[in-house]
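User: Please take a close look at the nonpolar interior of this protein and follow it outward to the charged pairs and the surface. I would like one connected account.

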Amino acid sequence: KPPSALTFYKRRLIRILPSYLLCIIPLFILALKEHRYPTGGDAVKDLAAHLTFTHTLFPFSYQQTPLNGALWTLGVEMQFYLLFPLLGWCFKKKPTLTWLGMSAIAFYWRWRVAPLQDNSLYINQLPAFLDVYANGFAAASIYAGIREKLGKQPMETKIKLFFTVLFVLCICLIIPMLKEQAQRSTYEAIRLGQLENRFGFSVMLACAIIAAAFSLPALRFLLGNKVMAFFSAISLQLYIWHQWLAVRIKEWDFIPHVDPSPWAGALDQPWREKYTVLCFVIAIAAAAMITYCYEKPITRKLRR
């Protein structure tokens, strides 16, 4: 039996809001201190949009915010959570029709947005992701169906082998998508690549996740060991903070460089290598500290 809508909303708020506020409030104070807002009114509008998770809807809070650019995904996510109980109920009653409807809206949105001269505000709005969420619904249902069909008996080796091969095949199909996207040289081409590959990427990734759940023990260990569990635990904080920290590490010149623009110049390949390592180390350390010293304790208290 699914939880009530109120219970669902409470769980999602407990999961996201404390970590979100821990990022937004200090960065807003820092932005004021550094005079990053032209006027006080601009500051209030930006903060209000972020606190209501509507910051993806406006240029001033999505494209021009001095806060944390990576937080746009949490805006889309919380907007989707608002609709989740209704969409989940529809999917349970009419899965195929709901999947088709959500996918049709996403494809129509991307078809209208792609030709625009400047589509930067529109490619990451909620309608552009509805087919990805629909694929998530479908993947959860397929997983549950396979699990129910297999029952509680140990799986045969040939079944595990089949799913392992399926996982490898999915990864082999995902890699060319990533390579093609990485080779795009302009922001406009990158945005168009995101629009073009979003559906296919989500299908392949969903299939890979399902296949991994029923694969051979070696693959399951590779994806389910203590190291991966650690990264799973800190993943929210790592995502929230990685971009802001990377920008600040660059701004504060932690590492000496020769070229005025070391991230683009040909002389500073050693700088780029050191910078990349430092970004990972600091982001992982910060995420671990926030997760275990703040997120987990406050989550336990709020759940009680």
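Analyst: The account below begins with the interior, continues with the salt bridges and ends at the surface. The model is predicted.

The largest nonpolar core has 37 residues. Those with the most contacts inside this core are Tyr 20, Leu 67, Leu 71, Phe 80, Met 102, Ile 240 and Trp 241. Two or more residues of this core come from each of helix 1, helix 2 (40-51), helix 4 (72-93), helix 5 (95-113), helix 6 (130-150), helix 10 (226-251) and helix 11. Helix 1 gives the largest share, eight residues.

Leu 67 shows what surrounds one of the residues with the most contacts inside this core. Leaving out residues up to four places away in sequence, Leu 67 touches Ile 24, Leu 27, Phe 28, Ala 31, Tyr 37, Asp 46, His 50 and Trp 244. Apart from the core just described lies another, of 13 residues, which includes Ala 139, Phe 167, Ile 210 and Ala 211. As a general background, nonpolar side chains in soluble globular proteins tend to be buried together.

A polar residue, Thr 291, can be examined in the same manner. Thr 291 belongs to helix 11 (residues 269-303). Thr 291 counts as buried because its relative accessible area is 0%, the cut-off for buried being under 20%. When neighbours within four places in sequence are set aside, the contacts of Thr 291 are Ala 233, Ile 234, Gln 237, Lys 296 and Pro 297.

The charged pairs come next. Side chains of opposite charge can pair when their charged atoms come close. In this model the count comes to 10 salt bridges. One of them joins Asp 131 to Arg 110, with the closest N and O atoms 2.5 Å apart. This pair links distant parts of the chain, since Asp 131 is in helix 6 and Arg 110 is in helix 5, 21 residues apart. Asp 131 has a relative accessibility of 0% and therefore counts as buried. Arg 110, with a relative accessible area of 6%, is buried as well.

Glu 156 and Lys 158 form another salt bridge, and their closest N and O atoms are 3.7 Å apart. Glu 156 is at 45% relative accessibility, so this residue counts as partly exposed. Lys 158 is exposed because its relative accessible area is 61%, where exposed requires over 50%.

A further salt bridge connects Glu 180 with Arg 184, the closest N and O atoms being 2.8 Å apart. Glu 180 is partly exposed, with 34% relative accessible area, whereas Arg 184 counts as buried at 18%. Salt bridges that share partners also join Glu 34, Arg 36, Arg 248 and Glu 251 into one network.

At the surface, Leu 21, Ile 25, Ile 29 and Leu 51 make a nonpolar patch of about 320 Å². Helix 1 (residues 5-33) provides the largest share of this patch, three residues. Ile 29 is located in helix 1. Ile 29 counts as exposed because its relative accessibility is 52%. Helix 1 thus appears on both sides of the account: the largest share of the 37-residue core comes from helix 1, and so does the largest share of the nonpolar patch.

Methods
Residues are numbered from 1 along each chain as its sequence is written. This is a predicted model: local features need pLDDT of at least 70, side-chain atom pairs count only at pLDDT 80 or more; totals for chains, interfaces and linings use all residues. Side-chain values use heavy atoms; hydrogens and water are left out. Patches are made of residues with over 30% relative accessible area and no salt bridge: like charges are joined within 9 Å, nonpolar side chains (Val, Leu, Ile, Met, Phe, Trp, Tyr) within 5 Å. Accessible areas come from the Shrake-Rupley method with a 1.4 Å probe; for residues, only the protein chains shown count as cover. A salt bridge is a side-chain nitrogen of Lys or Arg within 4 Å of a carboxyl oxygen of Asp or Glu. Helices (H or I, at least four residues) and strands (E, at least two) are DSSP runs, numbered from the N terminus. Buried means under 20% relative accessible area, exposed over 50%, partly exposed in between (1.4 Å probe, protein chains only). Contact means heavy atoms within 4.5 Å. A nonpolar core is a set of buried Ala, Val, Leu, Ile, Met, Phe, Trp, Tyr and Cys residues joined through side-chain atoms within 4.5 Å.
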